[in-house]
Amino acid sequence: MNANSFKSVLDISKAYLVELMMMTKKLVQDDPRRIIHSLKVGFTLSVISLFYYYQPLYSSFGVSAMWAVMTVVVVFEFSVGATLGKGVNRGFATLLAGALGIGAHHLASLSGRTGEPILLCLFVFVLAGVTTFIRFFPKVKARYDYGMLIFMLTFSLVSVSGFRDDEILILAHKRLSTVLIGASACVIISICVFPVWAGQDLHNLITTHLDNLANFLLGFGDEYFETSSESKQDKSAMQAYKSVLTSKSSEESLANFATWEPGHGRFQFRHPWKMYLQVGTLTRLCAYRIDALNGYLNADIQAPVEIRSKIQEVCIRMSSESGKALKELALAMKKMNQPSMANIHIENSKTAAKNLNSLLTSGIFDNDDILSVMPAATVASLLIDIVNCMEKIAVSVHELAKSAKFKPPSKSKSVPLRKYLSNKINIDDCPSTIITIVPETALSIEEKSSQLNTS
């Protein structure tokens, strides 16, 4: 190998090393908890390995001590919910399969030495076939798939091992004990040492999605109608909504893990995690419409300025008020408060949508070329659709806040009076009376929420 070839190999190796360091840095910056999780797994595995290294413990469990090590490797997950779910699945599956394996071995042994292997093969065939079919059920697949796999594995090992090993009860007891020890160690370390809660991550994820949609809508009006110049940073923040489009699998996984978790922080036991999926679904539907709207920002065919100016004010108001409503919903969810402040912006966006609909049906574009009008009319139609979708999100968030018992809004942030009183009240006639004013918009949201409950 000459000097040039050696230098080329050195340069390539250096480039790969730099790329690896950049990827590692990005992983740590995205979520520093990954380093802590790696250290927790290493610590737990080292402690459980003592069962194999320490002679008194090894004398008690023997080679079965390796099952504790294997349990730590396959059970310890990033979040508490995922670890607890796998641990419970593995523990119950091992217990049930071990008991059935002992029973199968006992029944097969009654048929004599010749018929025993035939019956054992039949038992393994039937149980494996039935268990594999049950795994196709969606609810079983989501929560108990790992337990089904361990159930098949343990039953096969216990029943088949009993054919060559007469001490099957001792074998089953050792394997069950080591599995429970390994799973318990994983769960204890996961909960007690810098816990990562899937429920908290799901709550933060939904809140971030609402905030990303709000950022786009708040900047869309000025960007589309070119009323102000925005920085690249603002434009990049507008594009953050795209993460919502592909978030379904993450939300479902986090919700599944969260159902396994005990109460923690402000999230009590049996917190309505499934309602987060409803909010997430509506948020994605809104994101799809926003994605279509985003296509008109840099489209090759744009409506003329004079056509856009006819609907500019009402469209900017719709977009701005919808963004403010989503911002208030995101803020309320972040603080786990009742989202009452969003009601005013929802009503304002609905009023703007009605005004825009009236403009479109009043023949404002009758004297314009239809091909020139179509882009602006499509944008207006998408904005109206987004307002309707945003209202559904608000209803869903109100339902979540009610079920999760979010804190009521503080009195200092009461909704302005405006025009919601239908009758005049003389305050001087009742000086010691406290009057609570409920906006019409809040009533409409609550009415729609109650309709969803009854339907």
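This passage looks at a surface patch, one buried alanine and the packing of one helix. The structure is a predicted model, in which local features need pLDDT of at least 70, side-chain atom pairs count only at pLDDT 80 or more, and totals for chains, interfaces and linings use all residues. Residues are numbered from 1 along each chain as its sequence is written, and side-chain values use heavy atoms, leaving out hydrogens and water.

A good place to start is the surface. Here F43, V47, L50, Y52, Y53, Y54, V63 and M66 form a nonpolar patch with about 840 Å² of accessible area together (Shrake-Rupley method, 1.4 Å probe, only the protein chains shown counting as cover for residues). Patch members have over 30% relative accessible area and no salt bridge, with nonpolar side chains joined within 5 Å; a salt bridge is a side-chain nitrogen of Lys or Arg within 4 Å of a carboxyl oxygen of Asp or Glu. Helix 2 (33-48) and helix 3 (50-53) each supply at least two patch residues, and the largest share, three residues, comes from helix 3. Helices are DSSP runs (H or I, at least four residues) numbered from the N terminus. L50 lies in helix 3 and is partly exposed because its relative accessibility is 44% (buried is under 20%, exposed over 50%, partly exposed in between).

Turning to the interior, A401 sits in helix 18 (residues 370-403) and is buried, with a relative accessible area of 0%. Beyond its neighbours within four places in sequence, A401 is in contact with Q338, P339 and F406 (heavy atoms within 4.5 Å). In helix 14 (residues 248-258), the buried residues are E251, L254, A255, N256 and A258; they pack against helix 8 (138-143), helix 11 (198-225) and helix 15 (273-294).

Conventions
Patches are made of residues with over 30% relative accessible area and no salt bridge: like charges are joined within 9 Å, nonpolar side chains (Val, Leu, Ile, Met, Phe, Trp, Tyr) within 5 Å. Buried means under 20% relative accessible area, exposed over 50%, partly exposed in between (1.4 Å probe, protein chains only).
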